[in-house]
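Me: I should like to learn how to read a protein model, one feature at a time. May we begin with a place where two elements meet?

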Amino acid sequence: MKFLPLIWAGLRRRPAHPVLAFVAMAFATMLTGLAMTAARVLPQGPGSELDGAVVVISGLGFVMILFLTANAMAQSVRERGWEFALLRAMGFSGRRVVTLLFCELVAPCLAGAVAGQVLAQSVLLVLSHLFAAKMKVLVFLPSVSIGINFAAAILVAFVSLILPARRLTRLNLATILARGRYG
């Protein structure tokens, strides 16, 4: 909890990066949740080949989000090298700085996953009420979908941080601090 102000400052430094990760994760988790629900609710018939395509498209969406967040984090580490060097010079270990960066990245990913799940459940409830005469049951997101989406959000954050973490642990503090904040 004592590092929360540092995490908040990092999120506010470049607001486009966390917002982009949030929106992308929200849409991906919403589509994945709806696709997994449709696979469980709709009758399996001759068109069931479509289920495999939906799973592949959802997986590709998460890979695109992975590249998006990895690029944003690499750019953030490159731009904020002086700040990280200053934290290291103040006594923060490399592992602690990487942990701060991970918290900075996992927050918008998990928030996006929550927003996506809420949106998907809202869509399902609206559809259940629209087709109440035929369905006679409320449709909820499967718990497997919720678990997979949250695990995917954490996995995207973790994998996106691998290369920037290597760069952070190999910072040459003297050179970066000598160049100055904007050099």
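**Reading a helical model**

Reply: Let us begin with one pair of helices: Val97, Val98 and Leu101 of helix 5 meet Pro164, Ala165, Leu168 and Thr169 of helix 8. Please keep in mind throughout that the model is predicted.

Me: What kinds of residue make up the contact of helix 5 with helix 8?

Reply: One sorts the residues of a contact by the character of their side chains. Here six are nonpolar, one is polar and none is charged.

Me: At what angle do helix 5 and helix 8 pack, and how far apart are their axes?

Reply: A helix pair is described by an angle, a distance and a handedness. The angle between helix 5 and helix 8 is about 150°, and their axes lie 10 Å apart. The crossing of helix 5 with helix 8 is right-handed.

Me: How many helices and how many strands does the protein chain have?

Reply: One lists the elements from the N terminus onward. The protein chain has nine helices and zero strands, so that its order reads α-α-α-α-α-α-α-α-α.

Me: What share of the contacts in the protein chain between residues at least 6 apart in sequence join residues at least 24 apart?

Reply: The share is 83%. A single pair can illustrate how sequence and space are compared: Ser58 and Leu31 are 27 residues apart in sequence, while their C-alpha atoms are 7.3 Å apart in space.

Me: What share of the residues in the protein chain is buried?

Reply: Burial is judged from relative accessible area, with under 20% as the cut-off. In the protein chain, which has 183 residues, 36% are buried. Ser58, in helix 3, counts among the buried residues because its relative accessible area is 16%. Ser58 is in contact with Thr32 and Ala35, leaving aside neighbours within four places in sequence.

Me: Which residues touch the most other members of the largest nonpolar core?

Reply: To read a core, one asks which residues belong to it and which elements supply them. The largest nonpolar core has 28 residues, and Met25, Phe84, Leu101 and Leu168 touch the most other members. At least two residues each come from helix 2, helix 3, helix 4, helix 5, helix 7 and helix 8. Helix 5 gives the most, with eight residues. There is also a second, separate core of five residues, which includes Met30, Ala120, Leu124 and Val139.

Me: What does Phe84 touch, apart from residues up to four places away in sequence?

Reply: Phe84 touches Ser76, Val77, Val97, Leu101, Leu168 and Leu171. Phe84 is also one of the buried residues of helix 4, together with Gly81, Glu83, Ala85 and Leu87. After helix 4 comes Gly91, which has a positive phi near 115°.

Me: Is Leu161, in the loop between helix 7 and helix 8, buried or exposed?

Reply: A loop residue is judged by the cut-off already given. Leu161 counts as buried because its relative accessibility is 5%. Beyond its neighbours within four places in sequence, Leu161 is in contact with Val98, Leu101, Phe102 and Leu105. The C-alpha atoms of Leu161 and Val77 are separated by 10.0 Å, although the two residues are 84 residues apart along the chain.

Me: Why does Thr29 count as buried?

Reply: Thr29 counts as buried because its relative accessible area is 0%. This residue lies in helix 2. For a polar side chain, one then looks for a partner: the side chain of Thr29 reaches the backbone oxygen of Met25 at 2.8 Å. Not counting residues up to four places away in sequence, Thr29 touches Phe62, Gly112, Ala113, Gly116, Gln117 and Asn149.

Me: Why does Gln117 count as buried, and what is in contact with this residue?

Reply: Gln117, in helix 5, counts as buried because its relative accessibility is 7%. Leaving aside its neighbours within four places in sequence, Gln117 is in contact with Thr29, Leu141, Ser145, Ile146 and Asn149. Asn149 thus appears in the list for Thr29 and in the list for Gln117.

Conventions:
Residues are numbered from 1 along each chain as its sequence is written. This is a predicted model: local features need pLDDT of at least 70, side-chain atom pairs count only at pLDDT 80 or more; totals for chains, interfaces and linings use all residues. Side-chain values use heavy atoms; hydrogens and water are left out. A nonpolar core is a set of buried Ala, Val, Leu, Ile, Met, Phe, Trp, Tyr and Cys residues joined through side-chain atoms within 4.5 Å. Buried means under 20% relative accessible area, exposed over 50%, partly exposed in between (1.4 Å probe, protein chains only). Helices (H or I, at least four residues) and strands (E, at least two) are DSSP runs, numbered from the N terminus. Contact means heavy atoms within 4.5 Å. Axes are lines fitted to C-alpha atoms, for helices over the stretch in contact, and angles run from 0 to 180 degrees between N-to-C directions. A crossing is left-handed if the near helix is turned anticlockwise from the far one by less than a right angle, and right-handed if clockwise. Ala, Val, Leu, Ile, Met, Phe, Trp, Tyr, Cys and Pro count as nonpolar, Asp, Glu, Lys and Arg as charged, and the others, Gly among them, as polar. A polar contact is a pair of N or O atoms within 3.5 Å; within protein, one must be able to donate a hydrogen and the other to accept it, and residues adjacent in sequence count only if both atoms are side-chain atoms.
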